[in-house]
Structures are given as structure tokens and as C-alpha cells.
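Trainee: Please take one part of this model and go through it closely, then follow the chain outward from there. I would like a single connected account.

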Amino acid sequence: MDVVKKAAAAAEEEEVHGVVIVGGGLCGLATALALHRKGMGSLVVERSEALRVGGVALNVHANGWRALEELGLADGLRKTANLITSVRMVRQIQGKNQTTVSSPSYSYARCRKEIRCLRRKDVMEALAKSVPAHTIRYGCRIVAVDEDPGTDCTVLTMADGSTIKAKVNKCY
């Protein structure tokens, strides 16, 4: 009977999620937010102990703004972004630098084409604040990824020996 009780207790403690996203960077958090907006929960496991906001800037073009609009972040981030009104390109051709300066007319209202420079920190914080509480788990160092043949789940084993099962199997 003790074996049955132990198995039942282990099953209760087993952590299973529909989707587990490995990595809490830009792509991991954007994926978690996109899934959330479609009604699907997920867990993001990140090895660092806190949100990584390092890095300097991101130049976001029109297609990036469309993605940020779909995530519901574009309006807030536009307020902190710098519109790029000219571009200086330097190319080296046969050992000589050739410089081109262009002043594109990026009228957001007319053609929805824009390039803006964002601080990476602003994007990361906006993503992290927009996912539901407890979606991101920090300090998770994965040491093994295996399949559970009995359930077809992917089993992630952490450095501390704990495991997390993901029902969605290997989308990488």
C-alpha cells in the first residue's frame, strides 16, 4: 500500500504544462504572449535569476511594428521609441568606403512604414509585464530533455533534479 501512496503523491506533485518555452528572451516572451492572446497558457523557463534586459537598442521596421501591434505592445512602445528619419549606409567596395545618406519619408499615417529605435530594456519589460503572473520561471537550468514514452510528453530535467512535462512535443 505504501508504494501506491507514494506513486499517487508523486503524480500529484508532477508538473505538467501544455506548452513549455525554453528561454525568456525576446522570442520566448513574445511566443508566450502570443499564445496567451490566443487563449493558450504556457510556462517560460529561464536560466537567469531575473529578467535579462541587457543590450542596447533594436531597430524595428514595419513588419516588427505589425508583430508588436498583434501582441498589443506597439502603442506603448512607440511612446518610448525614436523615429529614424535618415539612414547613413557605409559599404566597402574594392577597399574604399562608399557612404550613402538617405532621408526616407516614413509617414506612419500614409503608408504605415516606419523605422524606430527602441531600447531593448523597454521591449523586454513590456513583454514580461504583459504575460500572466507566474508565466516566467527564473533560475531554471535545464540539464536534460527526454521523451516520456508512456505519455508522449517531453520531460525537461532541471539542475536541481526537478522535472517539468510539456504536452506539446518538440516544436524546435
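**The second largest pocket and its surroundings**

Mentor: Four elements each supply at least two residues of the lining of the second largest pocket: helix H2 (26-37), strand S4 (57-60), helix H3 (62-70) and helix H6 (120-130). The model is predicted, and what follows is computed from it. The volume of this pocket is about 180 Å³. Its lining consists of Leu26, Cys27, Ala30, Leu58, Val60, Gly64, Ala67, Leu68, Leu71, Val123 and Leu127. Sorted by class, that lining has 10 nonpolar residues, one polar residue and no charged residues. Gly64 is the polar entry, because glycine is counted among the polar residues in this scheme.

Take H6 next. Its buried residues are Arg120, Asp122, Val123, Met124, Ala126, Leu127 and Ala128. Val123 and Leu127 therefore appear twice, as buried residues of H6 and as part of the pocket lining. The buried residues of H6 pack against H2 and S4, and also against helix H4 (74-78), strand S8 (116-119) and strand S9 (136-138). H2 and S4 are thus named both as packing partners of H6 and as contributors to the lining.

Between two of the lining elements, S4 and H3, there is a loop, and His61 lies in it. His61 is classed as partly exposed because its relative accessibility, 43%, falls between the limits of 20% and 50%. Apart from residues up to four places away in sequence, His61 touches Glu114 and Ile115. Ile84 is 23 residues from His61 along the chain, and the two C-alpha atoms are 9.9 Å apart.

The other end of interest is the loop between H6 and S9, where His134 is found. His134 is not a glycine, yet its phi is positive, about 70 degrees. The general expectation is a negative phi for most residues other than glycine. His134 is exposed, because its relative accessible area of 77% is over the 50% limit.

Gln94 shows a similar backbone feature in another part of the chain. Strand S6 (residues 87-93) pairs with strand S7 (residues 96-102) in the antiparallel sense, over seven bridges. Within that pairing, Arg88 stands opposite Val101 of S7. The two strands form a hairpin with two residues between them, and Gln94 belongs to the turn. Gln94, placed in the loop between S6 and S7, has a positive phi of about 50 degrees although it is not a glycine. Gln94 is exposed, because its relative accessible area is 80%, over the 50% limit.

A second hairpin is made by strand S11 (residues 153-158) and strand S12 (residues 163-166). They pair in the antiparallel sense over four bridges, with four residues between the strands. Here the turn contains Gly161, with a positive phi of about 95 degrees. Val155 is opposite Lys165 in S12. S12 also pairs with strand S1 (residues 15-17), to which it runs parallel, through three bridges. In that pairing the bridge partner of Val16 is again Lys165. Lys165 therefore has a partner in each of two pairings, Val155 in one and Val16 in the other.

Lys165 and Val155 lead on to Asp148, which is found in strand S10 (residues 142-148). Asp148 is in contact with Cys153, Val155 and Lys165, leaving aside neighbours within four places in sequence. Asp148 is buried, because its relative accessible area of 18% is under the 20% limit. Its side chain has polar partners: a polar side-chain atom lies 3.1 Å from the backbone nitrogen of Gly150, and the side chain makes a polar contact with that of Thr151, also at 3.1 Å. Ala166 is 18 residues from Asp148 in sequence, with 9.9 Å between their C-alpha atoms.

To return to the pocket: its lining has no charged residues, and H6, which supplies at least two lining residues, has Arg120 and Asp122 among its buried residues. Neither Arg120 nor Asp122 is listed in the lining.

Technical notes: Residues are numbered from 1 along each chain as its sequence is written. Side-chain values use heavy atoms; hydrogens and water are left out. On a 1 Å grid over the protein atoms alone, a cavity is a set of points where a 1.4 Å probe fits but cannot get out, and a pocket is an open set with protein on both sides within 12 Å along at least five of seven lines; lining residues have an atom within 4 Å of a point. Grid points are joined across faces, edges and corners, and a volume is the space filled by probe spheres set on the points. Buried means under 20% relative accessible area, exposed over 50%, partly exposed in between (1.4 Å probe, protein chains only). Contact means heavy atoms within 4.5 Å. A polar contact is a pair of N or O atoms within 3.5 Å; within protein, one must be able to donate a hydrogen and the other to accept it, and residues adjacent in sequence count only if both atoms are side-chain atoms.
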